[in-house]
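Me: I would like a close look at a single part of this structure, with its surroundings explained step by step. Here is what I am looking at.

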Amino acid sequence: MYSNSLIDFTVIKKTKHKYLQHKHKFSLRKSPAYEAWRKKVLARDRYICQNCGRVNVRFQVHHIRGFTKYPHLRLDVNNGITYCNKCHRRFHNKYGKQNFPDSRTVEF
Ligand SMILES: [Zn+2]
Ligand SMILES: [Zn+2]
């Protein structure tokens, strides 16, 4: 039955694709290199939100040049900036997750 093998093939392909996406996302976020990058940026910014100046809050290290578009800058300290969770969320809500402007030059 050719239809069965066709279905099987599609399922395998989809599963593999999902698995790879998953693996990719999580391996970078959890990698020691990524953690080190995050800590370096936080230390340079003295654990202060670079937008609102808040301290003692939860921080996100934002990629000034998008993570997806500039993979080679993912672990570049000069491409990271410290924002509190609120400012970080507000920035991405306003400017999107891709093709956003340089966060240092816009209001959010
Ligand atoms: Zn903030
Ligand atoms: Zn961000």
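Which residues point one way from β2, and which point the other way?

Reply: The model is predicted, and what follows is computed from it. Gly80, Thr82 and Cys84 point one way from β2, while Ile81 and Tyr83 point the other way. In a regular strand, side chains alternate between the two faces of the sheet. Both sets of residues in β2 are buried. The strand covers residues 80–84, and five of its five residues are buried, so it is mostly covered.

Next, the partner strand. β2 runs antiparallel to strand β1, residues 59–63, and five bridges join the two. Within this pairing, Thr82 in β2 has Val61 opposite it.

β1 also holds His62. This residue has 21 other C-beta atoms within 10 Å; a residue counts as buried at 20 or more, so His62 is buried. Leaving aside neighbours within four places in sequence, His62 is in contact with Ile81, Tyr83, His88 and Ser103. Ile81 and Tyr83 are the two residues of β2 that point the other way from Gly80, Thr82 and Cys84. His62 can also be compared with Phe91: they are 29 residues apart in sequence, and their C-alpha atoms are 9.8 Å apart in space.

Cys84 has its own set of contacts. Not counting residues up to four places away in sequence, Cys84 touches Cys49, Cys52, Arg54, Val57, Arg58 and Phe59.

Several of these residues belong to the largest nonpolar core, which has eight residues in all: Val41, Cys49, Phe59, Ile81, Tyr83, Cys84, Cys87 and Phe91. β2 and α3, residues 85–95, each supply at least two residues of this core. The largest share, three residues, comes from β2.

That leads to α3. Its buried residues are Cys87, His88 and Phe91. Seen down the axis of α3, these fall within an arc of 100°, so they line one face of the helix. The buried residues of α3 pack against β1 and β2. After α3 comes Gly96, with a positive phi near 85°.

One more helix can be checked by length. Helix α2 has 13 residues, 32–44, and at 1.5 Å a residue should span 18 Å; its end C-alpha atoms are 18 Å apart, which agrees. Arg46, which follows α2, also has a positive phi, near 55°.

To return to the strand in question: β2 is joined to β1 by five bridges, and the buried residues of α3 pack against both strands.

Key
Residues numbered from 1 in each chain as written. Chains lettered and ligands numbered in written order. Predicted model: local features only at pLDDT ≥ 70, side-chain atom pairs only at ≥ 80, totals over all residues. Helix = DSSP H or I, 4+ residues; strand = E, 2+ residues; numbered from the N terminus. Expected span 1.5 Å × (residues − 1). Buried ≥ 20, exposed ≤ 12 C-beta atoms within 10 Å, placed from the backbone. Pairing = 2+ DSSP bridges. Contact = placed C-beta atoms within 7 Å. Core = buried A, V, L, I, M, F, W, Y, C linked by C-beta atoms within 7 Å. Arc of directions from axis to C-beta.
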